[in-house]
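Biologist: Before we go through this one, please put the sequence and the structure on the screen. I will ask about one element at a time.

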Amino acid sequence: MSDTVENFYDQLAQDYHFIFNNWEDSLAYQGNTINKIILSSLPNSKTLSILDCSCGIGTQSIGLAQKGHHVTATDISLASVERAKKEANKRGVKISFSVSDFRTLNKDIKGTYDVVLSADNSIPHLLTEDDLCQTANQLYTKVRPGGMLIITMRNYTELLKEKPTSTKPRTFDDGNRIVFQLWDWKEDGRTYTLHHFIMQKAKDIWKTKQYSTSYRALLQTELTSFLQEAGFRNVSWQSPEESGYYQPVLLAWK
């Protein structure tokens with residue numbers, strides 16, 4: 001988790017909602033879908049303590065707080081956390097926000113939680129074995145006994161078969177906003193630099209913003225192994241078809 005990751009999200013914070021066709025709809029979708037995943041695993045609970053440890057601007061944490069859960073939300077990016085606070089206040093939901101790195105959660109955040117969540121491909125920002133091992137251990141310390149961990153990320157097992165160099169452009173706002181990514185793969189074949197482009201048209205003039213960061217093409221088997229070594233049990237994966245979420249979902253128990 002180098003400074004470039006923090007800088008990436010600091011710079012992107014004010015434009016992050018432009019990635020979505022409608023961010024408000026995404027709040028509802030993510031809150032509803034993740035809530036269903038949680039309640040299907042903890043069926044006797046309605047109100048839970050949740051730590052969203054890569055909250056960004058609140059895409060998951062706000063939706064879960066709207067469901068009545070007690071949400072604590074952290075992120076490595078101060079700008080993202082500040083944006084998330086404003087968005088939560090606009091919607092009248094109470095969330096405890098703070099800045100924290102995956103690798104220092106136990107030092108930064110008190111207590112344990114029924115659910116610890118990291119969504120939207122955040123864990124693959126960890127590029128080294130040491131960082132992944134350290135993060136797995138930190139996540140384990142924040143889950144209460146009998147609680148669960150939820151992680152969502154891209155299906156790199158499939159992506160590594162072709163190593164795509166770009167995503168398909170998505171067009172919104174009647175063709176006046178275009179969002180796409182370019183991926184520059186490194187020589188190791190397992191890490192890449194992502195360049196995120198947001199193009200917007202106003203008064204017949206196109207303006208383009210670019211944001212860049214690094215990822216590791218983290219395999220599901222690799223992440224499973226790190227979590228099991230940290231002490232998690234019954235680690236399993238759900239496909240988007242099974243969970244209703246747009247990325248594969250990992251579930252693990254303490």
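Modeller: Bear in mind that this is a predicted model. We can begin with strand β11 (residues 249-253), which is mostly covered.

Biologist: How many of the residues of β11 are buried?

Modeller: The strand covers residues 249-253. Side chains in a regular strand alternate between the two faces of the sheet. Here V249, L251 and W253 point one way, L250 and A252 point the other way, and all are buried. The count of buried residues in β11 is therefore five of five.

Biologist: Which residue of β11 is the bridge partner of M148?

Modeller: β5 and β11 run antiparallel and are joined by five bridges. On the other pairing, strand β10 (residues 233-238) is also antiparallel to β11, with four bridges, and there S236 has L251 as its partner. For M148, the partner in β11 is W253.

Biologist: M148 brings up the core. Which residues does V115 contact beyond its neighbours within four places in sequence?

Modeller: The largest nonpolar core has 48 residues, and V115 is listed with I38, I95, F97 and I150 as touching the most other members. Helix α2 (residues 23-41) gives the most to this core, five residues. Apart from this core lies another, of 25 residues, including C53 and F226. Leaving out those sequence neighbours, the contacts of V115 are I38, L42, L48, S49, I50, L51, M148 and I150.

Biologist: What distance separates the end C-alpha atoms of helix α6 (residues 129-142), and what span should the helix have?

Modeller: The helix has 14 residues, and the rise is taken as 1.5 Å a residue. The expected span is 20 Å, which agrees with the distance between the end C-alpha atoms, 20 Å.

Biologist: Over what arc do the buried residues of α6 lie?

Modeller: The buried residues in α6 are D131, L132, T135, A136, Q138, L139 and K142. They are on the same side of α6, because the arc they cover around the axis is only 165°.

Biologist: Against which elements do those buried residues of α6 pack?

Modeller: The packing involves both strands and helices. The helices are α5 (105-108) and α8 (220-230). The strands are β1 (49-52), β4 (113-118), β5 (143-152) and β9 (205-216).

Biologist: Is V93 buried or exposed?

Modeller: V93 is found in the loop between α4 (78-90) and β3 (95-99). Not counting residues up to four places away in sequence, V93 touches I62, A65, Q66 and A88. Its relative accessibility is 14%, and the cut-off is under 20%, so V93 counts as buried.

Conventions. Residues numbered from 1 in each chain as written. Predicted model: local features only at pLDDT ≥ 70, side-chain atom pairs only at ≥ 80, totals over all residues. Heavy atoms only, no water. Core = buried A, V, L, I, M, F, W, Y, C linked by side-chain atoms within 4.5 Å. Buried < 20%, exposed > 50% of the residue type's maximum accessible area, 1.4 Å probe, protein only. Helix = DSSP H or I, 4+ residues; strand = E, 2+ residues; numbered from the N terminus. Contact = heavy atoms within 4.5 Å. Expected span 1.5 Å × (residues − 1). Arc of directions from axis to C-beta. Pairing = 2+ DSSP bridges.
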